[in-house]
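These are my notebook entries on a structure that I looked up item by item. I begin with a single residue and work outwards from there.

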Amino acid sequence: MNDDRPTVAAPATADPAGAADGEGPARQRGQEEPAPRRRRRGPGPFTLLLLPGLVTVTGVAAFLALTGGLPTPWPEGAEAEQAAVDIDPSYVPWLRKAASACTVLEPSVLAAQIDQLSGWSDDTDELSGHKGIADFTDGEWRTWGRDDDGNGRSSPLDPADAIMALGRQDCALAERMTELRTSGRINGDLVDLTLAAYAEGADAVTEAGRVPPTATAYLAEVEALVPRYEALDRDGAAGGTGRAAGALLAAPVSPLTVTSPYGSREHPLTGVTKLHTGVDFAARQGTPVAAARAGRVVFAASTTAYGNRVVIDHGTIEGKRLETTYSHLSSLDTAVGRTVEAGTMVGRVGSTGLSTGPHLHFEVVLDGYYTDPRPWLTPTG
């Protein structure tokens, strides 16, 4: 592997304290009636004079980026993608995963909510007790919060946990609004009703029979922000292949049967507890392993800890490099410098290196940082 890619090439050196998959050193990064929400901290969403022009520019840029107008889905310096969704790219798969929990919620609406609530600031408001980008109180967090990214702690200050918790809360409210509308007790658009229930409480919506007047300002603020995030609602990674909306990577093996998830765990061979930097997928010895996305092979060799390992560079998303890795392979069927497409075979499942049996250890590395691969992947093979 090239010397200027130390964060991925590091596994080429044995790590005696590594997990069974041989991770090298890595940088880490009851439904309850909601109380009426407070308004956004900090400045407002848009200047009215700039909004129409900005929406037009971002819409055109997103269209070009997502329909093949640019040379690759995530080219070097993808200015169009940056203009379309100006947030930390590691949030994108979590927004899509959270929104996929119900049909009413779109990723753009969820992102607009967070923007309206906190402007993507993860600080704590000491006066109100609201914490993190999704503005949860401790009481709300006890209802909706979980350790969704598997890092060993559940916290509203953890962006992945916060995004997923807000999605659960919204989907629960959407379900209730759907039942009320079906029974004829309320009328209106389900998204609007759900946002109103979030802002003012489900009882206020039920009493009004529609979006209550007290929620209209909140709805207007969120809806004004939605165009900024509409690119999240389109599957820019699908490339016409029919992959599930919201998924950025195709399955490297099929089916995707997780035997060891991303997160802190005890090494089954050494007993050392550390970050498991990827996901282990069960598969028979010799099962073909496919590239998860188009890209260029930047590493393909045998290592002490990972065994036979392949690393693919997929270009950049919002200026941050995306790479995937495939480890413990029984054979290497590619070479450094080769260009691959999604689905191209790069090796076969094995148990080389520090491994307890045949499986694929699959990693997603975003700008040198390991991240949970599961929300990036299609749900099926």
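Entry 1: His328. I located His328 in strand β10. The model is a predicted one, and I read every value below as computed from it. I noted that phi of His328 is near 70°, a positive value in a residue other than glycine. I then asked whether His328 is buried or exposed. His328 has a relative accessible area of 0%, so I entered this residue as buried.

Entry 2: the partners of β10. I looked up which strands pair with β10, which spans residues 320-332. Strand β9 (residues 307-317) pairs with β10 in the antiparallel sense over 7 bridges. Strand β13 (residues 359-366) also pairs with β10 in the antiparallel sense, over 6 bridges. I found a further antiparallel pairing of β10 with strand β12 (residues 345-349), over 3 bridges.

I took one residue pair from each of these pairings. Thr325 in β10 stands opposite Val311. Thr325 also has a bridge partner in β13, namely Glu363. For Leu332, the bridge partner in β12 is Gly347.

Entry 3: Glu363 and Thr277. I followed Glu363 from its bridge with Thr325 to its side chain. The side chains of Glu363 and Thr277 are joined by a polar contact of 2.6 Å. I placed Thr277 in the loop between β5 (273-276) and β6. I recorded Thr277 as buried because its relative accessibility is 1%.

Entry 4: aromatic pairs. How many aromatic pairs does the count give? I noted 6 aromatic pairs. I looked first at Tyr198 and Tyr218, whose ring centres are 6.1 Å apart with the planes at 25°, so I entered the pair as stacked. This pair links distant parts of the chain, with Tyr198 in helix α8 (residues 190-200) and Tyr218 in helix α10 (residues 216-225), 20 residues apart. Tyr198 counts as buried at 0% relative accessibility, and Tyr218 is buried with a relative accessible area of 0%.

I turned next to Phe281 and Phe362, which form a tilted aromatic pair, 6.4 Å centre to centre and with 40° between the planes. Phe281 lies in strand β6 (residues 279-282) and Phe362 in strand β13, so this pair ties together parts that are 81 residues apart in sequence. I checked the accessibility of both residues. Phe281 is buried, with a relative accessible area of 1%, and Phe362 is buried at 0%.

Entry 5: Trp120 and its cluster. I found that ring pairs link Trp120, Tyr91 and Tyr229 into a cluster. Where does Trp120 lie? I placed Trp120 in the loop between α5 and β1 (124-125). Its backbone has a positive phi of about 65°, although Trp120 is not a glycine. The relative accessible area of Trp120 is 16%; buried means under 20%, so I recorded Trp120 as buried.

Entry 6: a charge over a ring. I looked up the position of Arg309 relative to Tyr306. The charged end of Arg309 sits over the ring of Tyr306, 3.7 Å from the ring centre.

Entry 7: the disulfide. I asked how many disulfides the structure holds. I noted 1 disulfide, formed by Cys102 and Cys171 with their sulfur atoms 2.2 Å apart. The link of Cys102 and Cys171 is left-handed, with -75° about the S-S bond. I recorded that this pair links distant parts of the chain, 69 residues apart: Cys102 is in the loop between α4 (92-99) and α5 (107-118), and Cys171 is in helix α7 (residues 159-182). Cys102 counts as buried at 17% relative accessibility, and Cys171 is buried with a relative accessible area of 11%.

Entry 8: a cis peptide bond. Which residues does the cis peptide bond join? I found that this bond joins Ser254 and Pro255, with omega about 0°. I placed Pro255 in the loop between α10 and β3 (258-260).

Terms used. Residues numbered from 1 in each chain as written. Predicted model: local features only at pLDDT ≥ 70, side-chain atom pairs only at ≥ 80, totals over all residues. Heavy atoms only, no water. Disulfide = S-S within 2.5 Å. Helix = DSSP H or I, 4+ residues; strand = E, 2+ residues; numbered from the N terminus. Buried < 20%, exposed > 50% of the residue type's maximum accessible area, 1.4 Å probe, protein only. Pairing = 2+ DSSP bridges. Phe/Tyr/Trp six-rings, centres within 6.5 Å; stacked < 30°, edge-to-face > 60°. Lys NZ or Arg CZ within 6 Å of the ring centre and 35° of its normal. Polar contact = N/O pair within 3.5 Å; in protein donor to acceptor, adjacent residues only side chain to side chain.
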